[in-house]
Amino acid sequence: MQRAIILIVVVLLFLTTCLALETENALKLYLNLVQEYESGSIQHPFLLQTVESLEHFSLYRFYRFLIAGSVDKREATPDLGHYLNFIYSSYNFEKEEEQLAAALFLSYLSSKLTRTHLTADEVMKNSSFIDFFTRYRDIVTKEARAFFAWVISYQLGLVAEKPPVDVEQRFQLEIADYVFNPPTSLQHLHDLALFYSDPAIQEVLSQAVQRAFENAKKDPTRILAHINREAAFVARDIVKPITNLQSKVAQLVQSSTPVRRNYWWMRFVLYGVVLLVSFKSLKARLFALNCVFVFETIYLFFLFDPTSKYESLFYGLVLVLGFTFSIFRLLRKSLRSVWLDVLSVTAIVFTAFLPFVYNCAELAMDRHERFLESKYYDLLKQELYMDELSKLSFHVRRLSSNMYTSSEDTKAILNDLVETLSGLRTQGIITDVIISRNYGAFFDDRSNFFSYTGSKARIETFQSLSNSLRFYLLDERSRKKAFERDLTSLTKYSTKLVSYAAFKLKEEFKNHLEDLFSVKYPILSDLQTSFLDRVFNNSKEVKAPHVSVVRNKRSLSILLISMFVFLTSFFLGPKISIGPAVVLLAVSIFGWSNSRDLILIVEQTAPLIEFQTNSFVNPLVFLSGIFIAVVNFLKLFRKGELR
């Protein structure tokens with residue numbers, strides 16, 4: 001961090017002469033925010049709000065996955081910067097420098113959470129950084145119109161007060177009724193003065209002054225309109241130096257931000273060297289393998305990062321594929337000879353699929369009142385049921401489409417019936433049709449239509465109607481099944497949403513459904529009462545979600561170590577896995593004693609959530625770890641194993 005501060009001091013002269021916006025102060029504040037955040041001793045108001053908002057972000061992702069699953073049907077999935085921008089937009093800044101520093105910090109935070117190096121390109125793409133310079137560009141461009149109107153008026157000789165830039169009068173117009181009052185509320189006058197010196201702006205300005213002079217000579221009565229038009233024309237080109245400023249700031253952030261380096265990957269190089277050195281001696285090789293495996297099991301428990309896609313992918317592929325292969329190997333052996341291994345596999349499988357914490361009350365939505373007031377709660381509602389791409393909207397659209405299709409087909413078949421009756425009446429076969437309570441039809445019994453010779457006409461008359469009715473009934477039965485299937489899916493999804501929803505979310509969701517059925521999709525209005533009763537009648541309390549073994553960092557680590565010890569014992573023998581087995585026994589006991597301290601894993605880009613629980617913790621993962629370690633000891637010390 002000291003190196004970064006020194007770098008900022010070195011470029012300070014460059015900043016004050018080439019850049020605007022008090023950028024050097026913003027960069028200093030940015031580095032202070034980074035240093036304070038990394039230290040863990042947070043006092044800055046923006047960082048305090050950021051930490052709280054990050055927890056809300058993790059809760060939003062947790063509830064989103066819990067209720068709607070991980071499938072996102074949007075064509076372009078928002079990046080992490082989009083979600084962190086909610087923090088930026090909800091904070092009230094006093095100065096522009098604070099805004100810029102906050103936007104830069106959120107760029108840094110985004111790269112930290114995604115485990116990538118902060119580059120200038122990443123900064124330029126960050127939503128908060130883009131929002132800041134979009135707003136800054138709009139404000140400065142608006143002020144630039146008044147500033148360049150002042151400069152043009154001075155160069156035309158129409159105002160005596162000189163703008164605070166290097167400019168000379170080029171003409172001396174005399175227009176008696178023209179009065180120009182130099183602007184007094186230009187908050188970015190220093191910025192405008194620096195942008196004014198840009199060669200491209202100077203060229204555009206020179207042309208604008210010449211045009212304004214020529215137009216004033218032709219029509220002096222419209223001098224104000226001429227000047228304002230040319231000033232707006234010059235102000236439009238100020239976007240270019242602002243974009244250059246934006247790019248330079250991003251480059252300075254890249255060069256001044258401390259680079260986070262992870263050297264733990266080098267342990268694999270060290271493993272290779274150790275094994276290579278000990279390769280010639282059997283005892284040395286066994287000892288080296290034990291040391292390597294012991295260190296790796298310690299790493300798995302204390303240093304393993306479950307949100308790292310590379311570590312998760314590596315351990316997932318190696319352990320899961322190895323575990324699957326071991327099961328196939330066991331199936332080919334006699335149960336009597338491998339019954340301990342079968343018990344170990346069974347323990348691991350049950351551990352992986354049974355919940356670690358049952359009904360974790362601390363994760364119930366109504367326990368997080370601050371989250372319910374955050375912008376991430378609004379985003380959760382949007383994705384659960386308000387957005388057109390949400391599961392709710394998808395199912396409701398299918399139901400509505402089904403009903404509209406059925407309605408149109410039914411009307412069409414009824415029109416066919418009416419058309420058939422109309423044709424029979426035209427032919428005189430039917431003399432009258434009464435549509436009332438005592439409905440009926442009157443026929444001409446003397447018509448040839450009812451005779452033997454009319455059999456062909458009767459068949460032709462009703463053949464097409466018969467085909468239409470047959471296809472209509474087939475389609476209608478198919479639509480009925482599809483409708484019931486979609487309605488069941490909608491009911492299950494809505495019931496699940498309501499079961500986990502806090503009271504506030506339940507009420508808002510209920511209001512949304514009522515509006516959906518009665519206003520937006522009136523064709524489904526007859527479902528409203530029965531559907532709402534099924535969904536809301538059995539949802540008096542907020543359901544607390546389970547926490548699986550793989551969702552908690554310590555339990556996941558113990559599960560992975562258990563698989564690792566089992567695989568090394570199964571494929572390499574208990575002599576090789578004795579060291580890891582001792583570590584597994586120790587961490588299982590340690591984890592059990594601290595089992596109420598949870599570290600919740602949400603997703604790779606979301607911060608971990610740390611809390612204590614008073615709910616029931618399933619000890620199976622710890623018992624399985626102890627059992628697998630004991631099995632390894634039994635294998636080692638049974639008859640013939642020590643030879």
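Helices here are DSSP runs of H or I, at least four residues long, numbered from the N terminus. The model is predicted.

**Exercise 1. Place Asp341 and decide whether Asp341 is buried or exposed.**

Step 1. Find the element. Asp341 lies in helix 16, which covers residues 339-353.
Step 2. Apply the cut-off. Buried means under 20% relative accessible area. Asp341 has 8% relative accessibility, so Asp341 counts as buried.
Step 3. List the contacts. Setting aside neighbours within four places in sequence, Asp341 touches Leu330, Phe566, Phe570 and Lys635.

**Exercise 2. Describe the surroundings of Arg64 and Gly69.**

Step 1. Locate both residues. Arg64 belongs to helix 4. Gly69 sits in the loop between helix 4 (45-68) and helix 5 (80-90).
Step 2. Check accessibility. Arg64 is buried, because its relative accessible area is 7%. Gly69 has 21% relative accessibility and therefore counts as partly exposed.
Step 3. Read the contacts. Residues up to four places away in sequence are not counted. Arg64 then touches Gly69, Ser70, Val71, Asp72, Leu380 and Glu383.
Step 4. Take a long-range distance. From C-alpha to C-alpha, Gly69 and Trp150 are 59 Å apart in space. In sequence, Gly69 and Trp150 are 81 residues apart.

**Exercise 3. Which parts of the chain does the salt bridge between Glu603 and Arg61 tie together?**

Step 1. Recall the principle. Side chains of opposite charge can pair when their charged atoms come close.
Step 2. Check the distance. A salt bridge needs a side-chain nitrogen of Lys or Arg within 4 Å of a carboxyl oxygen of Asp or Glu. In the Glu603 and Arg61 pair, the closest N and O atoms are 2.9 Å apart.
Step 3. Place the partners. Glu603 is in the loop between strand 5 (597-600) and strand 6 (609-612), and Arg61 is in helix 4, so the bridge ties together parts 542 residues apart in sequence.
Step 4. Check burial. Glu603 is buried, with a relative accessible area of 17%. Arg61 counts as buried too, at 10% relative accessibility.
Step 5. Set the pair in context. The structure holds 20 salt bridges.

**Exercise 4. Work through two salt bridges between helices, Glu296 with Arg267 and Asp409 with Arg479.**

Step 1. Start with Glu296 and Arg267. Their closest N and O atoms are 3.0 Å apart. Glu296 lies in helix 14 (residues 282-302) and Arg267 in helix 13 (residues 266-277), so this pair links parts 29 residues apart in sequence. Both Glu296 and Arg267 are buried.
Step 2. Turn to Asp409 and Arg479. Their side chains meet at 2.9 Å, N to O. Asp409 is in helix 19 (residues 391-426) and Arg479 in helix 20 (residues 455-500), so parts 70 residues apart in sequence are tied together.
Step 3. Assign accessibility. Asp409 is partly exposed at 28% relative accessibility, whereas Arg479 is buried at 12%.
Step 4. Add a network. Arg236, Asp237 and Lys240 are joined into one by salt bridges that share partners.

**Exercise 5. Compare the expected span of helix 19 with the distance between its end C-alpha atoms.**

Step 1. Set up the rule. The expected span is 1.5 Å times one less than the number of residues.
Step 2. Apply the rule. Helix 19 has 36 residues and should span 52 Å.
Step 3. Compare. The end C-alpha atoms of helix 19 are 52 Å apart, which agrees.
Step 4. Look at burial. Buried residues of helix 19 include Leu392, His395, Asn402, Ile413 and Leu424.
Step 5. Look past the end. Just after helix 19, Gly428 takes a positive phi of about 85°.

Technical notes: Residues numbered from 1 in each chain as written. Predicted model: local features only at pLDDT ≥ 70, side-chain atom pairs only at ≥ 80, totals over all residues. Heavy atoms only, no water. Helix = DSSP H or I, 4+ residues; strand = E, 2+ residues; numbered from the N terminus. Buried < 20%, exposed > 50% of the residue type's maximum accessible area, 1.4 Å probe, protein only. Contact = heavy atoms within 4.5 Å.
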